[in-house]
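The following account leads the reader through a single protein model, from its pockets to its interior and its overall architecture. The sequence and structure are shown first.

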Amino acid sequence: MEPQKKANRYFPVIEPILKENNIPDDFKYLAVAESGLANVVSPARATGFWQLLESTANDYSLEVNDEVDERYHLEKSTEAACKFLKDSYDKYMNWTLVAASYNVGRRGIDRQIDRQGETDCYDLLFNEETARYIYRIVSIKLVLNDPSVYGFAINKEDLYKPVSHKSIRIDEPIPDIGSFARENGTNYKLLKYLNPWLRDNKLTNSKRKEYTIKIPASRK
């Protein structure tokens with residue numbers, strides 16, 4: 001079961017960020033519901049593990065352009081998702097409505113509250129996708145926490161291990177990412193795997209912004 005394998009690699013990255021932002025740990029399963037823990041792009045152009053639209057990314061200070069798209073940056077996109085979730089909680093004071101708002105948007109939640117005169121998520125009539133969204137997240141949690149109960153046989157050795165890496169900081173242009181990778185003891189493929197937010201084969205960086213780039217600890 002692919003999400004179970006990926007969870008072993010990516011949940012250790014997501015969990016401490018949720019904790020630092022006072023977001024309930026169960027919201028890591030929302031990322032599974034959104035993307036299956038993959039950098040996918042939806043028909044609506046929502047992108048990354050947290051399926052952020054470009055407008056939402058801009059609202060929460062993620063860089064999105066032809067060379068850099070931080071919706072593909074797991075740590076930064078998780079921080080942005082946490083900010084969205086915190087803003088929703090400040091508005092609704094209810095984590096179930098917060099989760100629903102991630103699917104349908106706060107305007108969608110407000111529209112239904114105004115229309116129906118209800119504020120309890122379970123008393124609100126939503127479209128089919130949003131209506132089942134909370135139950136999808138709960139189901140994902142149940143299956144991932146105890147897959148054998150639901151007929152999934154996962155061997156421990158099949159779980160994807162975290163990728164060992166080191167980080168380097170740069171505040172200058174990278175004219176050729178392939179050359180940059182070789183200069184730092186790796187190759188283009190591995191560097192792009194660890195840094196999917198780098199969307200081109202160069203980084204112009206005319207404003208001399210500081211970026212942190214992951215380099216594999218070994219070529220294994």
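**Pockets, cores and overall fold**

In this predicted model, the lining of the second largest pocket draws at least two residues from each of α1, α4, α9 (188-194) and β2 (211-216). The leading contributor is α1, with 5 residues. This pocket has a volume of about 560 Å³. Its lining comprises 26 residues, and those closest to the centre are Tyr10, Leu74, Tyr193, Leu194 and Lys214. Divided by class, the lining contains 14 nonpolar, 6 polar and 6 charged residues.

The largest pocket has a volume of about 670 Å³. It is lined by 24 residues, with Leu53, Tyr102, Asn103, Val104 and Gly105 nearest its centre. Two or more lining residues come from each of α2, α3 (54-59), α5, α6 (106-116) and α7. Among these elements, α6 gives the most, namely 4 residues. The lining of the largest pocket is made up of 10 nonpolar, 7 polar and 7 charged residues.

Tyr102 leads from the largest pocket to the interior: this residue lies among those nearest the pocket centre and is also one of the residues with the most contacts inside the largest nonpolar core. That core has 35 residues, and Phe11, Phe27, Leu30, Leu37 and Trp50 are likewise among its members with the most internal contacts. At least two core residues are supplied by each of α1 (2-20), α2 (28-35), α4 (74-92), α5 (95-104) and α7 (128-145). Leaving aside residues up to four places away in sequence, Tyr102 touches Leu30, Glu34, Trp50, Leu52, Ala81, Phe84, Leu85 and Tyr133. A second core, separate from the one just described, has 14 residues, including Phe180, Trp197, Leu203 and Ile215.

The chain as a whole can now be considered. The protein contains 9 helices and 2 strands, arranged along the sequence in the pattern α-α-α-α-α-α-α-β-α-α-β. Its C-alpha trace spans about 60 × 45 × 30 Å along the principal axes. Of its 220 residues, 44% count as buried. Among contacts with a separation of 6 or more, 59% are between residues 24 or more positions apart. The accessible surface of the protein comes to about 12,400 Å², and carbon and sulfur atoms account for 47% of this area.

Notes: Residues numbered from 1 in each chain as written. Predicted model: local features only at pLDDT ≥ 70, side-chain atom pairs only at ≥ 80, totals over all residues. Heavy atoms only, no water. Core = buried A, V, L, I, M, F, W, Y, C linked by side-chain atoms within 4.5 Å. Buried < 20%, exposed > 50% of the residue type's maximum accessible area, 1.4 Å probe, protein only. Contact = heavy atoms within 4.5 Å. 1 Å grid on protein atoms, 1.4 Å probe; cavity = no way out; pocket = protein on both sides within 12 Å on 5 of 7 lines; lining within 4 Å. Points joined across faces, edges and corners; volume = space filled by probe spheres on them. Nonpolar A, V, L, I, M, F, W, Y, C, P; charged D, E, K, R; others polar. Areas by Shrake-Rupley, 256 points an atom, 1.4 Å probe, with all protein chains shown as cover.
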